[in-house]
Amino acid sequence: MEISNDLAGKKPKRLTSVVWNHFEKVGKAESCYAICIHCNKKLSGSSNSGTTHLRNHLMRCLKRSSTIDVSQLLAAKRKKDTTISTANVSFDEGQIKDDNIKPRILKFDQDQKKDEIINLGSSKFDQERSQIDLARMIILHGYPLAMVDHVGFKVFVKNLQPMFEVVPNSAVEKAFVEIYEKEKLKVYETINKLHGRINLCVEMWSSHENIEYLCLTAHYIDEDWKLQKKILNFVTLDSSHTEDMLPEVINKCVMDWDVDHKLFALTFDDCSTDDEIVLRLKEQISHKRPLLSNGQLFGVRSAAHVINLIVLEAMEALREVIQKIRASVKYVRSSQVTQGKFNEVAQQVGISSKKNLLLDRPFQWNSTYIMLETVLEYRGAFSLLQDHDPAYASALTDTEWEWASSVTGYMKLFVEIINVFSSNKCPTANMYFPEICDVHIQLIEWCKSPDNCLSSMALKMKAKFDKYWSKCSFALAAAAILDPRFKMKLVEYYYSLIYGSAALDRIKEVSDGIRELFNAYSICSTMIDQDSALPGSSLPSTSNDTRDRLRGFDKFLHKTSLSQNEISDLDKYLEEPVFPRSCDFNILNWWKVHMPMYPILSMMARDVLGTSMSTVALESTFSTGGRVLDDCRSSLNADTLQALICTRDWLRIESRGCLSPIQKIVHEERTELGPVILWQKDHSNKITGNLYLDCI
């Protein structure tokens, strides 16, 4: 075949696309082929075919050199004077070296081709780092571990980064533990550097197979006077762990974290926790380090839990009436005909309410309250319904209506109080005293009801409350005293209403207790000044060392200094006028500012205000059942489960600084442990039914 002189004289067209750096062109014109230099695959190389198919092949070629990262290959569009700044990003910025995160500025000229591939960085693909990032993603967002086996996930990852090898579950679990150990060291260092003490919350969980779990959470106020909490342990209790062994399990966790000398208080989620268990635990922990104020603040019980117990007592007493009300609502909603008849009756008796009748969820008592409140608005209609509809057979008597009305009023108070507890994003201990005192006062009044049924019910409710009050009243009062808006005045006000003529003796008990606690801090402060104790430590060790033999001298020095007409921090604080009340008052900021004025009292305030007075999480606030792990998590082995739950809590705390304001709101509303199922349990602790699934 002859070639014209004109064609022979022309130079071959220059290959302008960077994609040709990865292909070898063989042949000419229409019979031209492009052979991939990485996998030797032959593709069309003619000018009519363009380079899009070559670029697509290159992005999916799994056999090209590991020095090339497909994330570095992007198609540049024709844009005039467009500037792009890029940087590598990872979950853990500490894993990226400085030379790998230098951004490069790329300007695209109008003459650049849209199929040109631009290299945006010099970092190499790292399979191990990507594995760690995958594990962190699963932990942080609560994704199921099985997602790595999902076909859709594998396809997505291969299209995104063909070089990434999706690892099996076992490898991801191993990564969980590696991340856990690394993050645990950070948490350990943070806690042991604290100048204040920590407060531990003990919560019990279970699985569908009735496996028990112990969750131990540390609450404390940090050096910047911010309230913090971190899950320290999530221990799987095997069948050999009986309730009697609970103190040993908790004590082991405390010793493993080396926080026995920093422990200030221990809060239990169950008000019915055996006192003997608490006493044994107190003895074990205080064996080397005596607890402050004789451990009066040690065995705190959850305020929200006692509210739930009281409500359940009321609902049980009114069980038959509530069942009748449920049946009435079901009947009205059973068909459009019955609903229409009911609406006509409601109009006849002049009911203007626009609320819809809704059935409650038996395991969420606030939904029962809403159902009762709505039904009471339609009381007149229900009373006449049986006259217009003979099939209606669940009518209430006048007495039952009065009982329902009274109990609904009781429940309204409890709903309001629980909402106060759960809505506060910084639940310092001082917020609980006035709410709990209101409950106390109302229970006293309800016990005086002339109705025998209501008074009997109120007495049972008060019996449960009194057990809680006997254990926690001092802790509640101490926190209120350390609120500059209240000081001793709030205790005096409420105790006069609660105890009447015996109020002065009760007030003196609180006053003596708070002074005893302050004196313990004063002695500890003296030892710190003498470099004989570390910041945040409790009273000195009982071991037979030289310094410990001078404990008596420290107490003598403290007492004699008080007798030299020196005004203590506590006296100075109590003598000052109360701070004006305002809705935006921040008690931690107040103490942060006034720390130089009250150096010793501020130490005490940090520990007391950081005490957790309630352990019930937001999603189980109104639950009548226990907290139960989902099947996905309960199927994991004990070490992996603890690593997953603890690390998720720690990573979420770290990630808060990277969230937008809206994301922070959503983040704070989510549960701590991921998907949670709440279940109803019977008296034998067996699960009898589920409540709902809160997926995150």
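**Group meeting: a walk through a predicted model**

I will start in strand E9, which spans residues 212-221, because the place of Tyr-220 is there, and I should say at once that what we are looking at is a predicted model. Is Tyr-220 buried or exposed? With a relative accessibility of 2%, Tyr-220 counts as buried, since the cut-off for that word is under 20%. If we set aside its neighbours within four places in sequence, the residues in contact with Tyr-220 are Thr-190, Leu-194, Arg-197, Ile-198, Lys-226, Leu-227, Gln-228 and Lys-230. There is also a link across the sequence to point out, in that Tyr-220 and Leu-609 are 389 residues apart along the chain, while their C-alpha atoms are separated by 8.7 Å.

Let me stay with this strand for a moment and step back along the sequence. Asn-210 lies in the loop between strand E8, residues 198-206, and E9. Its phi is near 60°, a positive value in a residue other than glycine. Most residues other than glycine have a negative phi. As for its surroundings, Asn-210 counts as partly exposed, at 35% relative accessibility.

A second asparagine belongs in this part of the talk. Asn-40, found in the loop between strand E2 (33-36) and strand E3 (42-44), has a positive phi of about 65° although it is not a glycine. Asn-40 is exposed, with a relative accessible area of 60%.

Moving on, Met-245 sits in the loop between strand E10, residues 227-237, and helix H6, residues 246-256. Met-245 is partly exposed, its relative accessible area being 34%. From C-alpha to C-alpha, Met-245 and Ile-277 are 8.6 Å apart in space, and in sequence they are 32 residues apart.

Now to a helix. Which residues are buried in helix H12, residues 379-388? They are Ala-381, Phe-382 and Leu-385. Looking down the axis of H12, we find these buried residues within an arc of 95°, so they line one face of the helix. The cover over the buried residues of H12 includes helix H9 (319-332), helix H10 (336-348), helix H11 (365-377) and helix H13 (398-423).

Let me turn to the empty space inside the model. Rolling a probe the size of a water molecule over the atoms shows where such space is left. How many cavities of 30 Å³ or more are there? The count comes to two, and the largest cavity holds about 40 Å³ of space. The residues that line the largest cavity are Tyr-143, Pro-144, Leu-145, Phe-176, Cys-632, Arg-633, Leu-636 and Leu-644. By class, this lining divides into seven nonpolar residues, no polar ones and one charged.

I will finish with the chain as a whole. Its secondary structure comes to 24 helices and 15 strands, and of its 696 residues, 48% count as buried. The accessible surface of the chain comes to about 35600 Å², and 52% of that belongs to carbon and sulfur atoms. Finally, if we take the contacts between residues at least 6 apart in sequence, 69% of them join residues at least 24 apart; the pair I mentioned at the start, Tyr-220 and Leu-609, was given as a C-alpha separation of 8.7 Å, and I would keep that distance apart from the contacts, which are counted within 4.5 Å between heavy atoms.

Technical notes
Residues numbered from 1 in each chain as written. Predicted model: local features only at pLDDT ≥ 70, side-chain atom pairs only at ≥ 80, totals over all residues. Heavy atoms only, no water. 1 Å grid on protein atoms, 1.4 Å probe; cavity = no way out; pocket = protein on both sides within 12 Å on 5 of 7 lines; lining within 4 Å. Points joined across faces, edges and corners; volume = space filled by probe spheres on them. Nonpolar A, V, L, I, M, F, W, Y, C, P; charged D, E, K, R; others polar. Helix = DSSP H or I, 4+ residues; strand = E, 2+ residues; numbered from the N terminus. Buried < 20%, exposed > 50% of the residue type's maximum accessible area, 1.4 Å probe, protein only. Areas by Shrake-Rupley, 256 points an atom, 1.4 Å probe, with all protein chains shown as cover. Arc of directions from axis to C-beta.
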